[in-house]
Each structure stands twice: as structure tokens, then as C-alpha cells.
Amino acid sequence: MASSPSPPCAEITRYGNSKEEGLLMIDLERVRKSLIRQEDSIVFSLIERAKFPSNSSLYKSSSSSQIPGFDGSLIQYIVKETEILHSKIGRYESPEEHPFFPDGLPLPLIPCPPKSPEFLHGAASSININSTIWKFYLEELLPLFTKQGDDTGSYACTAVCDLSCLQALSRRIHYGKFVAEVKFRDAPEEYGPAIRAQDRDALMKLLTFEDIEEMVKKRVAKKAMIFSQEVNLKEKDADDKQQNCKIDPSLLSRLYGEWVMPLTKLVQVEYLLRRLDK
């Protein structure tokens, strides 16, 4: 199987010599392409996690009982410690990255490159729904595509795969901030009244395009089928290809339909409600 593509970290980059020039280069097409690339990262990360059993003990508080001074599960410990390291090298300086345990993260220890243009409204940094992503991933999604079992020898590899899945999902869902900003800039007269009225339902209606959502669900399911099938030089029909997939393509369709797209729209609504704040 081909390795997962590199995560689309810090895709919003500086163009032009001024802040204004940089802002003009970010449009809906650029954002759309980023979202499509992020689908690949999510599919590959789930395929990698599916190699291991459920390893449910990894997610229980007792699993870290031998770690001095830490009260939580082993997955919490691994994610927290990883985020501390990533914070030291500046990962969370990017507006596209959101830690799952933001409290007390250290400042970067190495010089960071110049920040990309301040494309988002200042309120964007206050929106982080990773607690919701954490909960649905561990409690609802994992049981759908992992086999029951416990292999203590694979805990570390399992946790690394979990972190990859969580980060890919978080990046994709929080990218809704960029989607919302572009849409607002394209049509401020459409979004302005609902924002001023703080009307969540009206904003959600403006952001919902059912035909596009159905197209996305079909695309990610097809990607899952293509990316996760065993490579065989002999021709097989479509049914054989789907049966030999390492992960059920319908799971990706369900993931996007029940969690990814609804939570992305939630992020968009939360962002737009603050968009006109001074």
C-alpha cells in the first residue's frame, strides 16, 4: 500500500509583498482543493489504524497507572506529550492546527518563519471543538472499523495511528473557518443580516448544500475503495474490489455524512457569529 501523503500543514501561505496582496490569493477554489487533499489524509490514516485491534485498554485511565504523576489514559498521555513537543517546534503557530490539550503548552523554542497573512478574523483562535472530535472518534467511530481484541505489544503503534487520525480530522473540520471566511467575503450581504441577528439556523441554512454534500460522500467512499484495495494485476470486478478493501468504503461516507461535514458547518457557524465583532 502506498504511504499516506504528508499532512497539509500550513497550506495558507503568503503571496505577494503586502498583507493585502496575500489576502487576495485565498479564494474558494484554493480552499476546495485543500479540502479534497485532506480527504486523502483521512482515508489513509483510517486504513493504517484498521491494521490494529480495538485495544480498548489503551483508552482507559488505568492504562497509564505506571506513569508517575499522570492521571488519565495512555492515549491521553501520548497525545499530550506529543503536543508539547509539537508546540516547542511551532506547530500550533499555524491557524490550521489545533491541539487537543491546549492548556499549558510551551512556546516555540526555535525561530518560526514569518506568519502567513492574517486572513481569519481574530475570533478564530477561540474556536476549538477538539473535545467533540475526541469523543466521537473514540466512542463512536473506532468501534465501527476496528476488530475486537487487545494486543499490548501494539499499544504504541496504535496510539500513533490514533493521533494521526485525530489530527487529520481536526484539521479538516476546523478548516471550516477558512471556508466561512471566503464565503463571507464573497457575499457579505447574504451573511451579514444573519450574523447581526445571531441567527444560527439562518447561517446553517446558508451553509448547507445537500447536492455537494452527497457528492463529497460518494467521492470519499470511492477513494477508500481505491486506496485500501489489495493491488492485483489481474482484472477484478467492482464487487471483488470492494470485498477486498482494508476498510469499508461506506464507513467514509458515513463519517463525512454524520460527523465531518456537520461539525465543519458547526465551526463555520461559530466563526461567522463572531465575524463582525470588533
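A cavity is a set of grid points where a 1.4 Å probe fits but cannot get out. The exercises below apply this and related terms to a predicted model.

**Exercise 1. The enclosed space**

Find how many cavities of 30 Å³ or more the structure holds, state how much space lies in the largest cavity, and describe its lining.

Solution.
- Step 1. Count. The search returns 1 cavity of 30 Å³ or more.
- Step 2. Size. The largest cavity holds about 60 Å³ of space.
- Step 3. List the lining. The residues are Glu83, Arg91, Tyr92, Glu96, Glu97, His98, Phe100, Gln167, Ser170 and Arg171.
- Step 4. Sort by class. The lining splits into 5 charged, 3 polar and 2 nonpolar residues.
- Step 5. Assign to elements. Helix α5 (residues 155-174) provides the largest share, 3 residues.
- Step 6. Look for a charged pair. Glu97 and Arg91 both belong to the lining. Their side chains form a salt bridge, 3.0 Å from N to O. Both residues are buried.

**Exercise 2. The nonpolar core**

Identify which residues touch the most other members of the largest nonpolar core, then trace the contacts of Leu141.

Solution.
- Step 1. Recall the background. Nonpolar side chains tend to be buried together in soluble globular proteins.
- Step 2. Find the hubs. The largest nonpolar core has 65 residues, and Leu141 and Leu255 touch the most other members.
- Step 3. Find the main contributor. Helix α11 (residues 249-273) gives this core its largest share, 13 residues.
- Step 4. List contacts of Leu141, leaving aside neighbours within four places in sequence. They are Leu46, Phe136, Leu169, Leu251, Leu255 and Trp259. The other hub, Leu255, is among them.

**Exercise 3. The second largest pocket**

Give the volume of the second largest pocket, and work out which elements and residue classes line it.

Solution.
- Step 1. Volume. The second largest pocket measures about 610 Å³.
- Step 2. Centre. It is lined by 25 residues, and Leu35, Val179, Lys183, Phe209 and Ile212 are the closest to its centre.
- Step 3. Elements. At least two lining residues come from each of α2 (28-49), α6 (176-186), α7 (188-196), α8 (200-207), α9 (210-228) and α11. The top contributor is α2, with 6 residues.
- Step 4. Classes. The lining holds 14 nonpolar, 9 charged and 2 polar residues.

**Exercise 4. A glutamine in α11**

Decide whether Gln268 is buried or exposed, and list its contacts beyond four places in sequence.

Solution.
- Step 1. Locate. Gln268 sits in helix α11.
- Step 2. Apply the cut-off. Buried means under 20% relative accessible area. Gln268 has 4% relative accessibility, so it counts as buried.
- Step 3. List contacts. Gln268 touches Gly176, Val179, Ala180, Lys183 and Leu207.
- Step 4. Link to Exercise 3. Val179 and Lys183 are also among the residues closest to the centre of the second largest pocket.

**Exercise 5. Positive phi**

Set Asn55 beside Gln198: state phi for each, then place and exposure.

Solution.
- Step 1. Recall the rule. Most residues other than glycine have a negative phi.
- Step 2. Take Asn55. Its phi is positive, about 50°. Asn55 lies in the loop between α2 and α3 (74-88). Its relative accessible area is 0%, so Asn55 is buried.
- Step 3. Take Gln198. Its phi is also positive, near 50°. Gln198 lies in the loop between α7 and α8. Its relative accessibility is 45%, so Gln198 counts as partly exposed.

**Exercise 6. Salt bridges**

State how many salt bridges the whole structure has, then analyse Glu270 with Arg200 and Arg254 with Glu258.

Solution.
- Step 1. Count. The search finds 17 salt bridges.
- Step 2. Take Glu270 and Arg200. Their side chains meet at 2.4 Å, N to O. This pair links distant parts of the chain: Glu270 is in helix α11, Arg200 in helix α8, 70 residues apart. Glu270 is buried at 15% relative accessible area. Arg200 is partly exposed at 43%.
- Step 3. Take Arg254 and Glu258. Their side chains meet at 3.0 Å, N to O. They are 4 residues apart in helix α11, so about one helical turn separates them. Arg254 is partly exposed at 38%. Glu258 is partly exposed at 43%.
- Step 4. Look for a network. Salt bridges link Glu39, Asp40, Arg219 and Lys223.

Conventions
Residues numbered from 1 in each chain as written. Predicted model: local features only at pLDDT ≥ 70, side-chain atom pairs only at ≥ 80, totals over all residues. Heavy atoms only, no water. 1 Å grid on protein atoms, 1.4 Å probe; cavity = no way out; pocket = protein on both sides within 12 Å on 5 of 7 lines; lining within 4 Å. Points joined across faces, edges and corners; volume = space filled by probe spheres on them. Nonpolar A, V, L, I, M, F, W, Y, C, P; charged D, E, K, R; others polar. Core = buried A, V, L, I, M, F, W, Y, C linked by side-chain atoms within 4.5 Å. Buried < 20%, exposed > 50% of the residue type's maximum accessible area, 1.4 Å probe, protein only. Contact = heavy atoms within 4.5 Å. Salt bridge = Lys/Arg side-chain N within 4 Å of Asp/Glu carboxyl O.
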